[in-house]
Amino acid sequence: MATIDGRPAQYGISLKQLRELMEHRGREGVAKISEQGGISEICKKLYTSPNEGLSGSKLDIEHRRETFGSNVIPPKPPKTFLTLVYEALQDVTLIILEIASLVSLGLSFYKPADEDTPVLQEEEDHYGWIEGLAILISVIVVVLVTAFNDYSKERQFRGLQNRIEGEHKFSVIRSGEVQQISVGDIVCGDIAQIKYGDLLPADGILIQSNDLKVDESSLTGESDHVKKGVDIDPMVLSGTHVMEGSGKMVVTAVGVNSQAGIIFTLLGAAVDEQEAEIKKMKKGWSKPCRFLGTISSNYIFTTC
């Protein structure tokens, strides 16, 4: 049998079972934990100790990341500069200005066969292209400035977000010692200490608690604080705030496999669908705009 750091490589509980376990609340959650043999048995299946925690060896930590995932929710890929330029060009006002500039340029180069045209009129017609070119340059400048501003803001936001995530530390027990580690380094099976004011970085099951109350409004929308305890509601979820008390939990789900990660993934899919609908609406508006631009250009052409 394959071993990792002196223990079996195969865990006694799978990622799917842990995810299903964390979907339950209250007494139902207590019953589901009992079906697994209790919290002590779950710790044994994860090869962790409620008192000593994980060994902290690099081999063991890396194997847990490969099996249960890392405590990182992948951000949405940033938009490229060309994508932002394309989105800026979809503005209805800019589309109208683009059509107007093209119409103006086209009319400036159109010269009807009229021998009686005054010299002054010929000079004005000779420089008539400047107006259309000025409008086109203005549109280009607006598009580039808008795209550059959006690109800069997105880079600044992602940089700030990465810095905040890098500075966020959490208390875990490894090799019998309390350590402050980055939330991205937390793995399934870690024994985490939670206290008043903490923003929980992963899902877990309480091993012990002391008058623990949690604000789960970020996940459920309920404003009332939820009392947590080993015998009443031992499930604590990532993205929630500890409002009262303290406790100790074994981490059972991290990253995209946590309840917060699942919600973020679903929200990301919903945002993609919403953006697709917005693009369809913009395309629907662009057709009437092009139609109006064509009518206006024909009118100008016939009147001139």
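User: So contact here means heavy atoms within 4.5 Å. With that in mind, what do the buried residues of α4 pack against?

Analyst: They pack against β1 (3-4), β2 (7-8), α1 (15-21) and β3 (169-174). This is a predicted model, where local features need pLDDT of at least 70 and side-chain atom pairs count only at pLDDT 80 or more, while totals for chains, interfaces and linings use all residues. Residues are numbered from 1 along each chain as its sequence is written, and side-chain values use heavy atoms, with hydrogens and water left out.

User: And those α and β labels, what are they?

Analyst: They are DSSP runs numbered from the N terminus: helices are H or I with at least four residues, strands are E with at least two.

User: Which residues of α4 are buried?

Analyst: Asp60, Ile61, His63, Arg64 and Phe68, in a helix that covers residues 58-68. Buried means under 20% relative accessible area, exposed means over 50%, and partly exposed is in between, using a 1.4 Å probe and protein chains only.

User: Where do they sit around the axis?

Analyst: On the same side of α4, because they cover an arc of only 165°. That arc is taken from the directions from the helix axis to the C-beta atoms. Lys58, Leu59 and Glu66 are exposed on the other side. Right after α4 comes glycine 69, with a positive phi near 95°.

User: Switching to rings. How many aromatic pairs are there?

Analyst: Three turn up in a search of the whole structure. Rings of Phe, Tyr and Trp (its six-membered ring) pair if their centres lie within 6.5 Å; planes under 30 degrees apart are stacked, over 60 edge-to-face, and the rest tilted. Tyrosine 11 and tyrosine 47 make a tilted pair, 5.7 Å centre to centre with 45° between the planes.

User: Why does that pair tie parts together?

Analyst: Tyrosine 11 is in the loop between β2 and α1, and tyrosine 47 is in the loop between α3 and α4, so the pair joins parts 36 residues apart in sequence. Tyrosine 11 is buried at 8% relative accessible area, whereas tyrosine 47 is partly exposed at 28%. Ring pairs also link Tyr11, Tyr47 and Phe68 into a cluster, and Phe68 is one of the buried residues of α4.

User: Anything odd about the backbone at tyrosine 47?

Analyst: Its phi is positive, about 55°, although tyrosine 47 is not a glycine. Most residues other than glycine have a negative phi. Aspartate 211 also has a positive phi, near 50°. That aspartate 211 lies in strand β6 (residues 203-215) and is exposed, with a relative accessible area of 58%.

User: Now α6. What caps its N-terminal end?

Analyst: Aspartate 91 does, with a side-chain oxygen 3.1 Å from the backbone nitrogen of threonine 93. A polar contact is a pair of N or O atoms within 3.5 Å; within protein, one must be able to donate a hydrogen and the other to accept it, and residues adjacent in sequence count only if both atoms are side-chain atoms.

User: What span should α6 have?

Analyst: Its 17 residues (92-108) should span 24 Å at 1.5 Å a residue, and the end C-alpha atoms are 24 Å apart, which agrees. The expected span is 1.5 Å times one less than the number of residues. Among the buried residues of α6 are Leu94, Ile95 and Ile99.
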